[in-house]
Amino acid sequence: MIALTEALRKFQVDVTLDPDTAPPRLVLSPEGDGGRGEDTRQPVPDSPKRFDASRCVLGREGFSAGRHYWEGAVEAGDAWAVGVARESVRRKGRVNVNPEEGIWAVGQCGAQTLALTSPKIPLSLAGRPRAIGVYLDCDGGRVAFFAPENEAPLFTFPPGSIPGESIHPLLCLGRGARFRPRPCPAGDATEA
């Protein structure tokens, strides 16, 4: 029997965060493969693509067909969200992280891990997840979340809930939270 994450990793993609969408209080690594939430505003040019009030950033890659999987580790901080967003997601003003805004995500708010639906759904977990796996099925219009360290499913949005437009990886980090990607083990990934 193939392990769940091993089966998902055949759809593994590398995610690079798009600095043109990063707000002034979210600092990205030079390679665009991680970031951290800050109190201090960084000098960044204004742009229609940039989130300005929420500490969210999109991945450069947009997906409109096929199946895709990526993993990331969230460290420190009590507020974060990991998921996907439609390309046309609103970026100016405070953004509510929920499907009505075009965002499908799970996250941490204080001591609770939540599915960021409307209303939010608390997830029954044994402790905070150290990493999140995101599986996007564009053709089925579905996104699912996993805890790769124990292969536990966290939450799945129903089929058909993701629109037909381009979908991007999304990351939101509260003050002090850090994110870094987790590449799949060497030799496990195959081309999808």
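The largest pocket has a volume of about 450 Å³. This is a predicted model, and the values below are computed from it.

**The pocket**

The lining of the largest pocket counts 19 residues. Nearest its centre lie A79, A81, R94, V97 and C172. Three strands each supply at least two lining residues: β5, β6 (103–109) and β12. By class, the pocket lining splits into 11 nonpolar, 5 polar and 3 charged residues.

**The cavity**

How many cavities of 30 Å³ or more are there? The count comes to 1. The volume of this largest cavity is about 70 Å³. V15, L17, W70, V82, G83, P169, L170, L171 and F179 line the largest cavity. Two elements give two or more residues to that lining, β5 (79–86) and β12 (167–173). Strand β12 has the largest share, with 3 residues. What is the chemical make-up of the cavity lining? It holds 8 nonpolar residues, 1 polar residue and no charged residue.

The two linings compare as follows.

| Site | Volume | Nonpolar | Polar | Charged |
|---|---|---|---|---|
| Largest pocket | about 450 Å³ | 11 residues | 5 residues | 3 residues |
| Largest cavity | about 70 Å³ | 8 residues | 1 residue | no residues |

**Aromatic pairs**

There are 4 aromatic pairs in the model. One of them joins F11 and Y135. Their ring centres are 6.1 Å apart, with 50 degrees between the planes, and the pair is tilted. F11 sits in the loop between α1 (4–8) and β1 (26–28), while Y135 belongs to strand β9 (residues 131–137), so the pair ties together parts that are 124 residues apart in sequence. Are F11 and Y135 buried or exposed? Both are buried.

F63 and W70 form another pair, and this one is stacked. The centres of F63 and W70 are 6.1 Å apart, and the planes meet at 25 degrees. The pair counts as stacked because its planes are under 30 degrees apart. F63 has a relative accessible area of 10%, so F63 is buried. W70 is at 5% relative accessibility, so W70 also counts as buried. W70 is also one of the residues lining the largest cavity.

Ring pairs also link F145, F155 and F157 into a cluster.

**Loop residues**

Which residues does the cis peptide bond join? It joins S118 and P119, with omega about 5 degrees. P119 is placed in the loop between β7 (112–115) and β8 (121–122).

E151 is not a glycine, yet its phi is positive, about 60 degrees. E151 lies in the loop between β10 (142–147) and β11 (152–156). Its relative accessible area is 27%, so E151 is partly exposed.

V89 is in the loop between β5 and β6. V89 has 4% relative accessibility, which means that V89 counts as buried. What does V89 touch, leaving out residues up to four places away in sequence? Its contacts are F51, L58, E101, G102 and I103. E38 is another matter: V89 and E38 are 51 residues apart in sequence and 23 Å apart in space, C-alpha to C-alpha.

Terms used
Residues numbered from 1 in each chain as written. Predicted model: local features only at pLDDT ≥ 70, side-chain atom pairs only at ≥ 80, totals over all residues. Heavy atoms only, no water. 1 Å grid on protein atoms, 1.4 Å probe; cavity = no way out; pocket = protein on both sides within 12 Å on 5 of 7 lines; lining within 4 Å. Points joined across faces, edges and corners; volume = space filled by probe spheres on them. Helix = DSSP H or I, 4+ residues; strand = E, 2+ residues; numbered from the N terminus. Nonpolar A, V, L, I, M, F, W, Y, C, P; charged D, E, K, R; others polar. Buried < 20%, exposed > 50% of the residue type's maximum accessible area, 1.4 Å probe, protein only. Contact = heavy atoms within 4.5 Å. Phe/Tyr/Trp six-rings, centres within 6.5 Å; stacked < 30°, edge-to-face > 60°.
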